[in-house]
Amino acid sequence: MSRPPASSLFNRMHAHPLFLAHSRKAVISVPFVWLLIFMLLPFFIILKISFAQMGIASFLPLSQFKEGILTLNLDLTHYQFIVQDQLYFRTYLNSLWCAALTTFWCLFIGYPFAYFMARAKATLQPALLMLVMLPFWTSYLLRVYAWKGLLMNGGLLARVLIYTHLDWILLKLRLIVEPGMFMNTQFALLIGMVYTYLPFMILPLYATLSKMDLRLLEAAADLGATPWVGFWKITVPLSKAGIIAGSMLVFIPCIGEYVIPELLGGPQSLMIGRVLWDEFFSNNDWPMASSVAVVVILLILLPLAIFNKYQAEASEVRR
Amino acid sequence: MSLRALLYRVLEKGFGKTWLGAGFVFLYLPIVVLVFYSFNASPLPVVWGGVSLRWYRQLVQDRDLLSGVWLSLQIALYAATGSVVLGALAAFTLVKYKRFWGRTLFTGMVNAPLVMPEVIIGLSLLLMLVSMQRVFGQRGMFTIWLGHVLLGMSYATVVIQARLQDLNPELEQAAADLGARPIQVFFLVTLPLILNALVSAFLLSFTLSLDDVVLAAFLNGPGSTTLPLVIFSRARLGMRPDINAAASVIIAVVTVMVVGGSYFVFRAERRRAAEIAAAQRA
Amino acid sequence: MTPVPSTNDTAFVQIRDLVKDFGAGSLAVNNVSLDIAQGEIFALLGPSGCGKTTLLRMVAGFETPTKGKILLDGVELDGLPPYLRPINMMFQSYALFPHLTVWDNVAFGLRREGMPHEPMAERVEQMLKLVQLQRYGRRKPHQLSGGQQQRVALARSLAKRPKLMLLDEPLAALDKKLREETQIELANIIRKVGVTCVMVTHDQEEAMTMANRLAVMSEGNILQVGTPTEVYETPATRFVADFIGNVNLMDGTVVVDERDFVEIDCGFCRHRVGHGITGTLGMPVTVALRPEKIHLVREQPAGQFNQVRGTVHDRAYFGSFTLYVLELPGGKRLKVSEANNERNRTDAPAEGQGAWATWPDTAQVVLTT
C-alpha cells in the first residue's frame, strides 16, 4: 500500500474534521447569538420589568442590597390589574374579533378574485399578478392615509355612501356612531384593514389555485358533476393550503395592528396595539406596558407552539 | 359543448370580469384619489381649486421631509444588507444542519417576529436598549437599524430558505466531486443559484424598513426621524396636501420600479421557456 | 453457489467488508467485498433500496462507511472528502450547473485543479468532441435536450481523466428508444477512453448491455458477481434468477443423485439435469428454467424427463418473439418464449389449445437458496 498522494497543507486543513466543524459552528452561531441578544434577552427584560414599579424617569430596580440584606421588590399589581380590569380583556377580545372579521372579508373578496385571476388567459396573468403586487410594494401608511381623504366629511366615498343611504345600514350595524360621519369609526377601521391585507390573502390563494390541475375538474365533469359542485367539492378543498396560509398572513398581524386603528379607528375600536402604545407613550407606565406585552406574547405564542407541534407531528406521520 | 355548459362559461366569465374589475377599483381608488388631490390648488381637499403644482414646489423646501427621506433610505439600505446576511446564515443553518443544540429555540426565534405584533417587538427591544444603555448608547439611527434588521431577517430567512430547499442537492455534490472545496462550492455554485432569492429578500427587507412606523417610533432618538414618522405625525392631524404630493412622488417611483422590474423578469422567463421548448424539439 | 469474496490484493479497486448502518434497523450495506479490475465497466444491479446507491456514494465520498475500507490503485480512500478523491461521478439528474455554459461546465473540474488556460481549453474541446457536442459550447443546460445534457454530464466527469468514474442510473431519465441507442454509445465512449467505471442501475438490460461484469444486490448484500452471461445462465440464487430476465422456478426434491446427472421430482414433471450437483438425495431444491430454453410441440416428445403438458392460457405477441403462458395440471403456470423464426407459422399453438413443453437437460439450473 503506497502513501496518500502529496496534498498541500491547504487541502489537508480543509479536509480536517475540526475545520469543517468550526465553519459549521460559525454559520450557526452568528444568527443564533444575534437572536439570543435581540430576541430572547428583551423578552426576559420585559418580563423582569413587568414585575417592577414605575419610578420617575425609569422603573425602580427589582432587587436592592440594603444593609447587607437582599430585598426583592416584585410587584404583581400590574398582572392583577390586567386580570381584574375589564378593559384589557375586552380589548384583547375586540382585537381578535376585528382580526377575524378582516380575515373573513379578505377571504370573501379575495378568494373569487384569486380564482378568476388563476382562470384568466395565461398571457394576462403576469400582468394581473403585477397589478396586485403593486399596492403591496407601495407604502401602506400612504394608502391607509388615502382612505382618510375618501371617508372624511365631503370625501368621495363619504358622499357616495350618504347619497345611496348606505350609511343607515352601517348605523344599524353599529359600525358608525353618527349618520354621515365615517371617519374614526369601526367601519373605517375595517375598510382600512381589509384594504391593507387583501393582497396578503390574494397572493397565497393565487399561488395555490394557479397550480391546480384543471384536468381534475374535467374528470369531475366527466363523472357528472356540475361546475358549481366541481367548485365546492374539488377546487375549494384542494386550495385548503392557500386558504390557511392566506388566513394566517392576515389574521395574526391584524391582532397587533397599531397604525390603522390609530389613523382610521375611533374610540370604540379597542385594539391591543393601541393600548400598548398608549400605556407606554401617553401614560409613561413602562411596567404596565410590559405586563400587557407579556400577556399578549403568551396568548399568541402558546397556541402557536401547539400549532407548530401539530404541524411537525403531521409531517412526521406523512413521512 | 352543450348549451347549458356554454351558458355557465359565459356567466362565469362575466362574473369573473366584474369581480376582478371591482376588486382592482377597490385596490387602486385611494391611490388614484391621492394623486388626483395632490394637484389640487386648494389646500382643502374637498374643494377643488384647479390644477396646481404648488405642493410639489413646496416639497423641495420641506427640510423635515427631505431629511426623513435621506435617513430612511440609508437605514433601509443598511437594514436590508444586514437582513440578507443574517437571513442567509439562518436559512443555511435551518436547511443544512438538521441537528444541533437549541434548534427548536433557534427556529422559534427566527419565526417569532413574523407573528408578534410590531408594537411588542418595538417595546421589548427599546426596554432592553434602555436597560443596557451603556452598551448600546443613545437611541438613534443605529437602534432603528437594529429593529429593522431583526424584523427583516425573519422575512429574508423565509425567502432564502424556500429557495435553498428547492435547490437540487446533487449540484453541490457534483461541484465537490469535481474538486471544489466547501467554500468554493458556496461561492461558485450555491450563491449564483440562490441569487434571485437574495435579491428578493433584499427588496423585501428594504421595503419593510422604508415603510416601518412602529419600530422607528419606539427606537428613534433625537434627530433621527424617519420619513414614515414624519408622514405619520402629520397624517394624524388630518388630510394634508403636502403629504399628498410626497405620496404621489413615492407612488410614482415605486410604480416605475415594480412595473419595470416585473417586465424584465417576465421577458427573461418567457425567453427561457422558449429556449427549453426549442431544445426539446431538436 | 455463493460468491467467494476475492482477496486479490492487486485489484485496481478493492472494497473490503464495507458496512453502512443508518441506524434504521437493518444495514443498508452489509459486509460487501468486491474487486474491480482496471479499465473494467462494472455494474451494481438491484431493486430500489438494495443499497447499491449507498455503496456508490461511499466510494464517491458522500457517505462515510460504518466499517470497512475502500482502496483505489492501492491508496486507501478512508477519510478523504470527495474533492480530494481521483474519482468523478455522473449524477442521475445530471446536475449540470444551470448558470454556466456547457463549456464552463466541462471546464469546472479542470479549473479547480488550477490547470493553465491553454491545456485546459484543449482538454475541454477534446471532451466535447468525444461526445459530439463541439458546436454547443456556448449553450446553457436548459437550451439542450435530455440526451444532450447527458452527454455534457459525461464529458464533464471524464474531463479530469479520473482513475475511476461512477455512474448513478445514467439512463434513467431517457425514454426507451433513446435509452437503447445511448446504452451502446455510452459504453463505447467509456471503453474508448479506457477509464474504470462502476455504474449503478435497476435496469438489468442496461447492466447486461454495458457492463463487463456485474454484481446483483439485494437488501445490502451481494448475491452474485459475474459476467452477464454467467449471471444470466447460471444464477446463484432464486432472487438472481428471478431478477434477471424471465424465469420459471419449480420446487422439487432430488430423487436420483449421480456424479454426472441428477433427477428432480417436481410433482407435475420430472427433471433430468445433465450435470452433477453438490447435494444429497431427498434434498429440497428449486429448478430454474428460462422461457427461451423451452420449446412447444404438438405431440408428446420421446422420453419421460424434461417435459410437461399444459393448455395455452395466454399468448402475447412481441414481434420478434411470442410469450406463452402454459397452464399445467395443478394450477402451476409455465412461461415459454418462442422466437418467431418464420413468418406466418400455421402450427403455432393458440389460446385454449393443448401443447407439450420440452427442454434439453442442459437448460436447467439447480438452486438451493
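Which residue is the bridge partner of D168(C) in β8(C)? The partner is V200(C), and the strand that holds V200(C) is described below after the model as a whole.

**Basis of the model**

This is a predicted model, in which local features need pLDDT of at least 70, side-chain atom pairs count only at pLDDT 80 or more, and totals for chains, interfaces and linings use all residues. Residues are numbered from 1 along each chain as its sequence is written, while chains are lettered from A and ligands numbered from 1 in the order in which they are written.

The predictor assigns the complex an ipTM of 0.86 and a pTM of 0.85. Confidence per residue is given as pLDDT, the predictor's own score from 0 to 100. Chain C has an average pLDDT of 90, with 98% of the residues scoring at least 70. For chain A the mean is 81, and 83% of its residues reach 70 or more. Within chain A, helix α1 (residues 9–15) has the lowest confidence, at a mean of 51, and helix α9 (residues 186–210) the highest, at 92. Residues 1–8 of chain A have a pLDDT below 50, and this stretch makes 8 contacts in the model beyond near neighbours in sequence.

Helices (H or I, at least four residues) and strands (E, at least two) are DSSP runs numbered from the N terminus. Two residues are in contact if their C-beta atoms, placed from the backbone, lie within 7 Å.

**Strand β8 of chain C**

Strand β8 of chain C covers residues 196–201, and 6 of its 6 residues are buried. A residue is buried if 20 or more other C-beta atoms lie within 10 Å of its own, exposed if 12 or fewer, and partly exposed in between, with C-beta atoms placed from the backbone. In a regular strand the side chains alternate between the two faces of the sheet. Here T196(C), V198(C) and V200(C) point one way from β8(C), C197(C), M199(C) and T201(C) point the other way, and all are buried.

Strands pair if DSSP finds at least two bridges between them. The pairings of β8(C) are set out below.

| Strand of chain C | Pairing with β8(C) | Bridge partners |
|---|---|---|
| β3 (residues 41–45) | parallel, 5 bridges | A43(C) and M199(C) |
| β7 (residues 164–168) | parallel, 5 bridges | D168(C) and V200(C) |

**Domains of chain C**

Chain C is divided into domain 1 (13–241) and domain 2 (246–367), with bounds that come from an automatic or database domain assignment. The C-alpha centres of the two domains lie 39 Å apart. Their contact takes 5 residues from domain 1 and 6 residues from domain 2. On the domain 1 side, these residues divide into 2 nonpolar, 2 polar and 1 charged. In this classification Ala, Val, Leu, Ile, Met, Phe, Trp, Tyr, Cys and Pro count as nonpolar, Asp, Glu, Lys and Arg as charged, and the others, Gly among them, as polar.

**Chain B and its contact with chain C**

Chain B has 12 helices and 0 strands. Its radius of gyration, taken over C-alpha atoms, is 24 Å, well over the 19 Å that the globule rule gives for 282 residues, so chain B is more spread out than a compact globule. The globule rule is 2.2 Å times the number of residues to the power 0.38. Along its principal axes the C-alpha trace of chain B spans about 75 × 70 × 35 Å. Buried residues make up 41% of the 282 residues in chain B.

In the interface with chain C, 21 residues of chain B are in contact with 20 residues of chain C. The elements of chain B that give two or more residues to this side are α8 (169–177), α9 (182–211) and α12 (241–281). The largest share, 6 residues, comes from α8(B). By class, this side of chain B has 11 nonpolar, 5 polar and 5 charged residues.

**Contact between chains A and B**

Between chains A and B, 68 residues of chain A are in contact with 61 residues of chain B. Among the elements of chain A that each supply at least two residues are α2 (17–50), α5 (125–137) and α15 (286–318). The largest share of this side, 18 residues, comes from α2(A). The side of chain A comprises 54 nonpolar, 10 polar and 4 charged residues.

W137(A) lies in helix α5 of chain A and touches T207(B), V254(B) and V258(B), not counting residues up to four places away in sequence. W137(A) is partly exposed, with 19 other C-beta atoms within 10 Å.
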